[in-house]
Amino acid sequence: MSQGLPAAGSVLHRSVSAPGNQARPQSPEDDDRKVRRREKNRVAAQRSRKKQTQKADKLHEEYECLEQENTVLRREIGKLTEELKHLSETLKEHEKVCPLLLCPLNFVPLPRPDPVAGCLPR
């Protein structure tokens, strides 16, 4: 390493001023302006953080509601599946003894009316 160059990864700190922007003593007005700007920025940052927190809280509440709704719907699916199973079994048992299904005349195809024509105005 040479002596005049900074080590790799180090950061050089320089004060760079814009042309015509000479270092001048800070007046009390400049200090006051800087303090007001910092206060305004601090308040804006607080508002922004509060807004972010409120948004996150709202999303969390929505998530909780959706989780509850999902649980209710899954239970309903389970109940309906059981009901479907029960009704299918009941229908199978009924088909074994149903006099209408056992009658040979019921196997003669009958002309059925067109379901769409029944809905159209005459």
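A salt bridge here is a side-chain nitrogen of Lys or Arg within 4 Å of a carboxyl oxygen of Asp or Glu. By this rule the count comes to four. Three of them are described below.

This is a predicted model, in which local features need pLDDT of at least 70 and side-chain atom pairs count only at pLDDT 80 or more, while totals for chains, interfaces and linings use all residues. Residues are numbered from 1 along each chain as its sequence is written, and side-chain values use heavy atoms, without hydrogens and water.

| Salt bridge | Closest N to O |
|---|---|
| R33 and D30 | 3.4 Å |
| D32 and R36 | 2.8 Å |
| E93 and K96 | 3.3 Å |

**Position in the helix.** R33 and D30 both lie in helix α1, residues 28-97. Helices are DSSP runs (H or I, at least four residues), numbered from the N terminus. R33 and D30 are three residues apart, about one turn of the helix. D32 and R36 are four residues apart in helix α1, again about one helical turn. E93 and K96 also lie in helix α1, three residues apart, about one turn.

**Accessibility.** Buried means under 20% relative accessible area, exposed over 50%, and partly exposed in between (1.4 Å probe, protein chains only). D30 counts as buried, at 18%. Its partner R33 is partly exposed, at 47%. In the D32 and R36 salt bridge, D32 is partly exposed at 40%, and R36 is partly exposed at 49%. E93 is partly exposed, with 48%. K96 counts as exposed, at 57%.

Key:
Helix = DSSP H or I, 4+ residues; strand = E, 2+ residues; numbered from the N terminus.
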